[in-house]
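Me: I'm new to this one and would like to go through the ligand site. Can you walk me through the reasoning behind the terms?

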Amino acid sequence: MTEWNKRKQVAQAKIDASASDLNNISQEIWSHPELGYEEHHAHKILTDYLEKKGFEVTRNYHLDTAFKATYGTDGGVHVCVICEYDALPEIGHACGHNLIAECGAAAGLGIKAAMELDGTPIGRVTVLGTPAEEGAGGKIDLIKAGAFQGMDVAMMAHPYAYTVPQPVALSMLEMKIHFTGLASHASAVPWEGVNALDAAVMCYNSISVMRQQLKPEWRVHGIFTNGGAKPNIIPEEAELFYYLRAPTQEALSQVKKKVVGCAQGAAVATGCECTVKDLGGFANVVTNPTVISIYKREASQMGVVFDDNSGSGSTDMGNVSYVVPSIHPMYDIGTMAANHSRPFTAAAGAAAAQPPTLVQAKSLALTALEVMKPGNEEVLANIKKDFALQMGGAKA
Ligand SMILES: NCCCC[C@H](NC(=O)CCN)C(=O)O
């Protein structure tokens, strides 16, 4: 067996030997669901564990609930494995971020064990704890703070109902559409009022009708966040909150134009004022072809079978993929339930999710080790070449 294959075996053995600890971490996070930027329990569990395992840990890294746990030497390849750990309001860990945290910690442990074999660390591994993927996107804050500088590759794996190495993750924009009318007694003098709720309903309906003409991969979905104060007052304020999505930033601006047109039309029809507030969003994920081909080979060798499914939410990992060559595979945790549903919450906490999570952690670890392997410098050069080409033609 080559020396490097021995390191790869050590990584896998370390992950297997830590299975019980890793399951405990996942269960702790799953049973204490915390919203974005408030993940204090998850932050403590993960940082205490990684510190105990010999990582140099920086708690509250640029954000209260972010962390950096790092091991190795500078000058070689620097691999980043990402943890997420925020939950959703009311339905808990319905996106399985407890498993993303487990998978990231496990991959980090495995990579570290392989690196320290013979006492000669080669390169650096950083496990990065990133808050609020379901919120404003902690990775975006961390990018702005420079947390990804000097990293060569970033990776994570996301639970799902299918196993998809290169899922579509759309560019996303959050938008608030606010209508202002005029209040009046809704029974005594309704003709004196200007109804903002009517404008919001017309806007909502126009967007729904427009949906027939949207491209299949475009998404527009929203809720009413203000529909007036009381039935006997003509609503003077009403508000809609929408997410707009498309595969690229260019397509997303076309979607935005159409939605703004619906809002303006509803304002004219009802005599209301309309303001559209762009709240930012996430970039699409640009998967690095060299890294994903290594991942697919390593995962297949472990018996992973890929499904024919594309995915299509959005993630702040998209923003990371514009600053560091990245992969964001998704994997089947033994359920057919949709993410963001209560059955998915149950699946994310079930014993059946453990074996596939550990297989993903091993796949990430072995992928990282292939990139770090001395003599494999051409691989890193190809990763960087892909990235330069992709960024030449893509805008975040
Ligand atoms: N600010 C809201 C971001 C929503 C992100 C969310 N992401 C996922 O569902 C994928 C992984 N968690 C979404 O796409 O709606």
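Reply: Sure. A polar contact is a pair of N or O atoms within 3.5 Å. Keep in mind that this is a predicted model.

Me: What makes the pair between the ligand and His-158 a polar contact?

Reply: A nitrogen atom of the ligand is 3.2 Å from an N or O atom in the side chain of His-158. The cut-off is 3.5 Å, so this pair counts.

Me: Which distances go with Glu-134 and Glu-174?

Reply: For the side chain of Glu-134, a ligand nitrogen is 2.9 Å from an N or O atom. For Glu-174 the value is 2.4 Å. Both are within 3.5 Å, so both are polar contacts too. On its own the ligand has 410 Å² of accessible area, and the protein covers 90% of that.

Me: Why do Gly residues of the shell go with the polar ones?

Reply: That's how the classes are set: Gly is counted among the polar residues, so Gly-135, one of the closest to the ligand, is polar here. The shell divides into 4 nonpolar, 6 polar and 4 charged residues.

Me: Where does the shell around the ligand come from, in terms of domains and elements?

Reply: Domain 1 (3-169 + 284-394) and domain 2 (171-282) each give at least three residues. The elements that give two or more are β7 (171-180) and β9 (237-246). And the space the ligand takes is the largest pocket.

Methods: Residues are numbered from 1 along each chain as its sequence is written. This is a predicted model: local features need pLDDT of at least 70, side-chain atom pairs count only at pLDDT 80 or more; totals for chains, interfaces and linings use all residues. Side-chain values use heavy atoms; hydrogens and water are left out. A residue is near a molecule or strand if one of its heavy atoms lies within 4 Å of it. A polar contact is a pair of N or O atoms within 3.5 Å; within protein, one must be able to donate a hydrogen and the other to accept it, and residues adjacent in sequence count only if both atoms are side-chain atoms. Accessible areas come from the Shrake-Rupley method with a 1.4 Å probe; for residues, only the protein chains shown count as cover. On a 1 Å grid over the protein atoms alone, a cavity is a set of points where a 1.4 Å probe fits but cannot get out, and a pocket is an open set with protein on both sides within 12 Å along at least five of seven lines; lining residues have an atom within 4 Å of a point. A molecule sits in a cavity or pocket if more than half of its atoms lie within 2 Å of its grid points. Helices (H or I, at least four residues) and strands (E, at least two) are DSSP runs, numbered from the N terminus. Domain bounds come from an automatic or database domain assignment.
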